[in-house]
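Got your viewer open? Let's take a short walk along the model, one selection at a time.

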Amino acid sequence: MLVAFTWGDLWRLALAVFLLAVGLSAAFVLIRLGGTVARLSSFITGAEREVLPVINKVGGSVDRVNDQLDKVDQITDSAVDAADSVDTAVRAVSMAVTRPVQKISGFAAGVSYGAADLKTRRSWKHAVQAGKDAAARRERELLEELHEAGEERP
């Protein structure tokens with residue numbers, strides 16, 4: 001039997017052993033890979049089970065926060081409207097008070113200048129004219145001061 005064994009038989013035997021080793025190695029790797037895939041599948045399933053409820057809770061929390069932010073937005077809009085109303089009211093009162101104050105201030109300045117002019121020049125007509133000029137000048141000055149104060153305000 002040893003005589004009938006040739007180099008071709010040896011080559012075929014070596015090839016058979018090699019293919020058997022490759023097959024067994026591939027089977028081992030595939031079995032290990034199957035175990036890894038099973039563990040990965042289990043991990044993904046567990047992650048889904050744990051993460052999805054958390055995502056649902058976060059979504060609900062975000063919805064509630066958005067509702068509260070909408071309410072805050074309405075409150076700030078109301079506050080802005082109230083501030084605008086107060087500003088309008090203050091401006092109306094200011095305009096209603098400004099003209100009488102301007103006239104009274106002008107009258108006081110006119111009387112003061114007129115009296116001083118009457119005392120120095122002893123002319124009633126000149127004193128009246130000096131008083132009118134002083135009153136008009138004081139009213140203009142007060143109006144300019146009010147405009148400057150209004151421009152300085154933001």
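Helices (H or I, at least four residues) and strands (E, at least two) are DSSP runs, numbered from the N terminus. This is a predicted model, where local features need pLDDT of at least 70, side-chain atom pairs count only at pLDDT 80 or more, and totals for chains, interfaces and linings use all residues. Residues are numbered from 1 along each chain as its sequence is written, and side-chain values use heavy atoms, with hydrogens and water left out.

Start with the whole protein chain: there are 2 helices and 0 strands. Its radius of gyration (over C-alpha atoms) is 51 Å, well over the 15 Å that the globule rule (2.2 Å times the number of residues to the power 0.38) gives for 154 residues, so the chain is more spread out than a compact globule. Turn it around, and the C-alpha trace spans about 165 × 35 × 15 Å along its principal axes.

Now colour by accessibility: of the 154 residues, 11% count as buried. Buried means under 20% relative accessible area, exposed over 50%, and partly exposed in between (1.4 Å probe, protein chains only).

Next, select Phe-43, which sits in helix α1 and is exposed, with a relative accessible area of 60%. Add Ala-130, 87 residues away along the chain, and the two C-alpha atoms are separated by 100 Å.

Stay with helix α1 (residues 7–121) and pick Asp-84, which is partly exposed at 44% relative accessibility.

Last stop: Arg-122, in the loop between α1 and α2 (124–152). Arg-122 has a positive phi of about 60 degrees despite not being a glycine, and counts as exposed at 70% relative accessibility.
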